[in-house]
Amino acid sequence: MRPLLLLLHLLTLLPLVAYAVTSSPPSSLKASLILLPSTFAYLLTYFSIPFISNFLLKANMYGLDIGKRGTPTEHDKVPEALGIVPGTVWILLLCLSLPLLISTHPSLTLPLLSSLFTVLFMLFLGFTDDVLEWPWRVKLLLPAISSIPLISVYEGSTSILCPNQLTWIFWTPAGGLTNFSTAVSNFITAYPNSPTNLIDIKYFYYLYMSLLSIFTTNSINIYAGINGLEVGQSCVIAGSILTHNVWSLGKGVNVEGSWFSVALLGPFLASSLALCCYNWYPAKVFVGDTYCYFSGVIFAVVGIHGHFSKTLLLFLMPQVLNFLISIPQLFKIVPCPRHRLPRYVKETGLMTVSRREDGGMNLTLINVVLKVCGDMKEEHLTMVLLMVQVGFSGLGFAIRYGGGSSLFFNEEL
């Protein structure tokens with residue numbers, strides 16, 4: 001399993017290195033900025049986790065695997081909050097890489113520094129959540145606060161492309177502005193005779209970015225509970241984003257934003273793959289809320305400062321679907337227990353749908369998959385869910401590069 005993960009990481013980075021060394025002019029510096037921090041991230045994380053695990057156990061930061069109830073290992077103490085290791089490694093390597101990143105891309109100075117501050121804040125929130133178990137109102141408030149540095153230095157456009165099907169709301173057939181456009185011009189600006197159907201949503205775009213930060217940091221956290229799922233889905237999402245970045249670099253589109261994303265996601269993916277070696281079934285460590293918030297905020301940071309936040313949502317479709325399924329429980333419309341993960345059946349050794357105190361099924365995508373596919377072993381369930389993630393990423397690419405032109409005047413979303 002572990003050599004396979006390292007091979008997967010190297011294969012993921014191969015297109016990036018190939019682009020860097022074959023670009024005109026060739027740039028070994030770009031290649032080193034991709035490969036070296038990622039390699040060190042994998043090695044540092046891989047060899048640090050056993051060392052840090054011992055300290056966490058001594059501090060009584062451990063959990064019992066609920067999915068192993070009724071098995072000989074149900075009382076084994078599993079170190080908790082090991083997401084602190086890849087998070088710390090990522091921050092360390094970004095700090096060491098800053099001089100080279102800023103010297104080669106001076107325009108990324110503020111985005112890099114604000115990203116570092118935001119990730120630090122969310123890593124702190126995640127670790128304290130593992131220790132103190134924050135209530136949900138805090139989990140919603142603090143990500144909004146942590147998004148302030150991102151929003152404060154955001155220098156991108158606040159305009160969006162209006163789908164062709166909705167242009168009648170803002171423009172007349174002759175290209176002039178409708179009465180509605182004139183009425184809301186203080187909040188949303190539509191440009192007369194715009195060839196690209198651009199509308200400037202102004203402050204609503206900043207609100208959207210803040211909500212995106214809240215969603216990404218919590219979406220991984222509520223789509224979790226079985227060995228390898230949290231870190232596995234994050235690796236698939238990161239790989240999908242990197243593939244999109246490589247495509248953009250190859251086309252010469254959004255080059256600065258794509259390199260920003262690559263610089264941050266390379267070490268993140270590497271450290272996550274190292275963590276996955278220990279969190280895969282049967283888990284030797286738990287990633288905790290620390291990793292869920294760390295991974296979520298990384299996606300928000302690269303999506304916002306990399307200027308592809310709408311494309312990011314296409315790669316988060318399973319997380320969006322899980323959130324929509326969970327709404328009745330999240331908003332207390334129906335009972336919501338503390339743990340909604342599937343139930344382990346001792347007699348069969350399989351995971352099955354878990355139920356609420358009123359007899360209804362816990363509303364999660366994991367339980368929906370079990371309902372549709374039937375009971376299965378935990379490691380098989382993780383693989384099925386990751387295949388679902390991969391499938392939705394493929395659908396996201398199809399929408400982004402195939403269906404985007406049917407929704408927008410311009411093929412770039």
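The exercises below work through a cavity, a bent helix and several single residues of a predicted model.

Residues are numbered from 1 along each chain as its sequence is written, and side-chain values use heavy atoms, with hydrogens and water left out. Because the model is predicted, local features need pLDDT of at least 70 and side-chain atom pairs count only at pLDDT 80 or more, while totals for chains, interfaces and linings use all residues.

**Exercise 1. The chain as a whole**

State how many helices and strands the chain has, and what percentage of its residues count as buried.

Step 1. The secondary structure consists of 16 helices and 7 strands. Helices (H or I, at least four residues) and strands (E, at least two) are DSSP runs, numbered from the N terminus.

Step 2. The chain has 413 residues, and 52% of these count as buried. Buried means under 20% relative accessible area, exposed over 50%, and partly exposed in between, with a 1.4 Å probe and protein chains only.

Step 3. Take the contacts between residues at least 6 apart in sequence: 71% of them join residues at least 24 apart. A contact means heavy atoms within 4.5 Å.

**Exercise 2. The second largest cavity**

Describe the second largest cavity by its volume, its lining and the elements that supply the lining.

Step 1. Fix the terms. On a 1 Å grid over the protein atoms alone, a cavity is a set of points where a 1.4 Å probe fits but cannot get out, and lining residues have an atom within 4 Å of a point. Grid points are joined across faces, edges and corners, and a volume is the space filled by probe spheres set on the points.

Step 2. The count comes to 3 cavities of 30 Å³ or more, and the second largest holds about 80 Å³ of space.

Step 3. Its lining has 10 residues, and Pro37, Leu94, Ser97, Ala263 and Pro267 lie nearest the centre.

Step 4. Helices α2 (28–58), α3 (84–104) and α11 (255–279) each give at least two residues to this lining. The largest share, 5 residues, is that of α3.

Step 5. By residue class the lining splits into 9 nonpolar, 1 polar and no charged. Here Ala, Val, Leu, Ile, Met, Phe, Trp, Tyr, Cys and Pro count as nonpolar, Asp, Glu, Lys and Arg as charged, and the others, Gly among them, as polar.

**Exercise 3. Helix α3 and Leu94**

Find where α3 bends, then place Leu94 in that helix and list its contacts beyond the neighbours within four places in sequence.

Step 1. The 21 residues of α3 reach 29 Å from first to last C-alpha, close to the 30 Å expected at 1.5 Å a residue. The expected span is 1.5 Å times one less than the number of residues.

Step 2. The helix bends by about 50 degrees at Ser97, and the proline Pro99 follows within four residues. The bend at a residue is the angle between axes fitted to the seven residues ending there and the seven starting there.

Step 3. Leu94 lies in α3 and, because its relative accessible area is 5%, counts as buried. Other buried residues of α3 include Trp90, Ser97 and Leu101.

Step 4. With neighbours within four places set aside, Leu94 is in contact with Leu101, Leu112, Leu116 and Leu264. Leu264 is 170 residues from Leu94 in sequence, yet their C-alpha atoms are 7.6 Å apart.

**Exercise 4. Accessibility of His244, Val255 and Leu207**

For each of these residues, is the class buried, partly exposed or exposed?

Step 1. His244, in helix α10 (residues 229–251), is buried because its relative accessible area is 3%. Its contacts outside the neighbours within four places are Phe308, Thr311, Phe315, Phe397, Arg400 and Tyr401.

Step 2. Val255 belongs to α11 and is partly exposed, with a relative accessible area of 30%. Its C-alpha is 9.1 Å from that of Gly306, 51 residues away along the chain.

Step 3. Leu207, in helix α9 (residues 203–222), is partly exposed at 48%.

**Exercise 5. Backbone features in loops**

Locate the cis peptide bond, and give the phi values of Ala81 and Asn254.

Step 1. The cis bond joins Tyr281 and Pro282, with omega about -10 degrees. Pro282 lies in the loop between α11 and α12 (288–305).

Step 2. Ala81 has a positive phi near 65 degrees. This residue sits in the loop between β2 (78–79) and α3 and is buried, at 0% relative accessibility.

Step 3. Asn254 has a positive phi near 50 degrees. Asn254 lies in the loop between α10 and α11 and is partly exposed, at 28%.

Technical notes. 1 Å grid on protein atoms, 1.4 Å probe; cavity = no way out; pocket = protein on both sides within 12 Å on 5 of 7 lines; lining within 4 Å.
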